[in-house]
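Me: I'd like to go through this model with you before I set anything up. Can we start with the charged contacts and then move on to the rest?

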Amino acid sequence: LFFMPRANTAPPADREVFEDNPAPHSPGAFAPAVNAVAAPVSTSPPSPASAPASADHQSHDRYLAAFMSLSVLVGTANGISRVCLPLFAASLHAAAWQIGIAGGLQYAGIRLLSIPLAALIDRHGSRPLFRIGATAAAAVFLLGLTQVRAPWQLIGCVFLLGLSIPFRIVPTQTEFLHLLPSLGPMKAGWNRGSHTLGMFFIGPTLGAFLIVALGFAPTFAVVGAGLLLTLLIGSRVLKSAPPGRGGDATPLRVRMREQFALMSQRPELRRTMLIDFCGQMALAYFSVFIVLVGMRSFGMSTQQAAGLITLQGALFVSTLFAGGVVLARVDEERRYMLAFVLLLAHAALLSAPPSPAWLWAGALCLGLGLGVQHLTSVNRFGTLMRELGRGKVGGMSSLAGPAGGLTGATLGGALSQHFGMMAGFRVLAAVYVLQCLLQRRRLWVVRAAA
């Protein structure tokens, strides 16, 4: 809250220019900044003309800090849900298939609503949609989950909760991609890193503590109150987001058709979505089965096996925050090649591991590889959004990852049941062999064209 902009803070100037003119900035647009850097150092007091630029920069930094705080809160709420809901289902004596449905329904909303929500952002803006999502989620926790007494009631509440998730995720993801050109590629992973920090570290830890200290119903009440706090903070943070166009916006059905047509017309968009899909598919399979592999195949304790997921998550978050600086001079195609090699190494190490050390090495490669891939993909989505508009690209960028996560968990489960838990890693190894070969060919084409 300390870093949040004041209520009367205007949106950063570069965001206004970006909204009015979606075309790439001309070199002359940055002339004042370049001249300021190139000017000789002077000990005289700063001129009045430099004061607005300094104020805009400070306002911009406060907005980014507030935006990241919002992402941490949204991720924390999702992380608590991931821990509490399966345990609550087990306490209700739910069958295994019911627990599986309750877990999968959390992804259903993203798959069903990402593209329609992206079209609605152009009409209504991000702020109203975020308010709807946060209010609906708080109502489910406060009025629904606190009253659940049977598994079927839990499944119904989780379905409603899943429908509310994209109303929080898609607007924040869209506005961050909209902000990215003014942030620069080095900060491309900061939004995902903040969300992951809340979802995989703060949320699970806080959720486990609350369940032990308070029980399920009071924990759900605390989460609901936290979502109401998120509603207040999100409303203020997104206040400077560009408003919707109202009745002047393209009708919803037409905009949805345009988004699907855009996928068929733009190979770069399809490629970036496919890369994101495969990465989240690998992450979902690893997250679901690596603990069982460690415990059943190598006799690891629950804490040791869970440490594999912690290592992967820690390296992923670290790469998102620091990788933009470390890889600043590496072009996007070589970044993708590095990511694919790391992800291939992860799948190969886990295809037939002879010792637990291979599991730790595989987790390390997955965390680093996914981090590098996500940094590159976010920059790609940001470039496409700058060219095509935020509504058209925002939904696509939010759809690809969850679709891959759902595919990795469900198809991975079928493979594991018939061919063993290592089978999924072998399939992923084949996928990334193909990715590496295609990327190598792409690098040759780029080098020949240069």
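Reply: Gladly, keeping in mind that this is a predicted model. Glu-268 forms a salt bridge with Arg-380, and their closest N and O atoms are 2.9 Å apart.

Me: Which helices do Glu-268 and Arg-380 lie in?

Reply: Glu-268 belongs to helix H10 (residues 267–298) and Arg-380 to helix H13 (residues 356–388), so the pair ties together parts that are 112 residues apart in sequence.

Me: And is each of them buried or exposed, or in between? Glu-268 and Arg-380, I mean.

Reply: Glu-268 has 26% relative accessibility and therefore counts as partly exposed, whereas Arg-380, at 11%, counts as buried, the cut-off for buried being under 20%.

Me: How many salt bridges does the structure hold?

Reply: There are seven. One of them joins the side chains of Glu-333 and Arg-442, at 3.0 Å from N to O, and this pair links distant parts of the chain, with Glu-333 in helix H12 and Arg-442 in helix H15, 109 residues apart. Glu-333 is buried at a relative accessible area of 11%, while Arg-442 is partly exposed at 26%.

Me: Which residues are joined into one network by salt bridges that share partners?

Reply: The network consists of Glu-268, Arg-271, Glu-332, Glu-333, Arg-380 and Arg-442. Another salt bridge is formed by the side chains of Arg-334 and Asp-331, at 2.6 Å from N to O; Arg-334 is partly exposed at 44% relative accessibility, and Asp-331 is also partly exposed, at 33%.

Me: Switching to rings, how many aromatic pairs are there?

Reply: The count comes to 10 aromatic pairs. One of them is the tilted pair of Phe-67 and Phe-176, with 6.1 Å between the ring centres and 35 degrees between the planes. Phe-67 lies in helix H3 and Phe-176 in helix H6, so this pair ties together parts that are 109 residues apart in sequence. Phe-67 counts as buried at 1% relative accessibility, and Phe-176 counts as buried at 2%.

Me: What about Phe-340 and Tyr-432, how are those rings arranged?

Reply: They form a tilted pair, 6.3 Å centre to centre with 45 degrees between the planes, and it links distant parts of the chain, since Phe-340 is in helix H12 (residues 332–351) and Tyr-432 in helix H15 (residues 423–449), 92 residues apart. Phe-340 is buried at 1% relative accessibility, and Tyr-432 is buried with a relative accessible area of 1%.

Me: Which residues does Phe-88 touch, leaving out those up to four places away in sequence?

Reply: On that basis, Phe-88 touches Leu-145, Val-148, Leu-154, Phe-216 and Phe-220. Phe-88 sits in helix H3 (residues 50–91) and is buried, with a relative accessible area of 7%. One aromatic cluster is formed by Phe-88, Phe-141, Phe-216 and Phe-220.

Me: Back to H6, how far apart are its end C-alpha atoms, and what span should I expect?

Reply: The ends of H6 (residues 151–183) are 46 Å apart, C-alpha to C-alpha, which agrees with the 48 Å that its 33 residues should span at 1.5 Å a residue. There is nevertheless a kink of about 25 degrees at Leu-177, shortly before the proline Pro-181.

Me: How many of the residues of H6 are buried, and what follows the helix?

Reply: Of its 33 residues, 25 are buried, so H6 is largely enclosed by the rest of the structure. After H6 comes Gly-184, whose phi is positive, near 100 degrees.

Technical notes. Residues are numbered from 1 along each chain as its sequence is written. This is a predicted model: local features need pLDDT of at least 70, side-chain atom pairs count only at pLDDT 80 or more; totals for chains, interfaces and linings use all residues. Side-chain values use heavy atoms; hydrogens and water are left out. Helices (H or I, at least four residues) and strands (E, at least two) are DSSP runs, numbered from the N terminus. The expected span of a helix is 1.5 Å times one less than its number of residues. The bend at a residue is the angle between axes fitted to the seven residues ending there and the seven starting there. Buried means under 20% relative accessible area, exposed over 50%, partly exposed in between (1.4 Å probe, protein chains only). Contact means heavy atoms within 4.5 Å. Rings of Phe, Tyr and Trp (its six-membered ring) pair if their centres lie within 6.5 Å; planes under 30 degrees apart count as stacked, over 60 as edge-to-face and the rest as tilted. A salt bridge is a side-chain nitrogen of Lys or Arg within 4 Å of a carboxyl oxygen of Asp or Glu.
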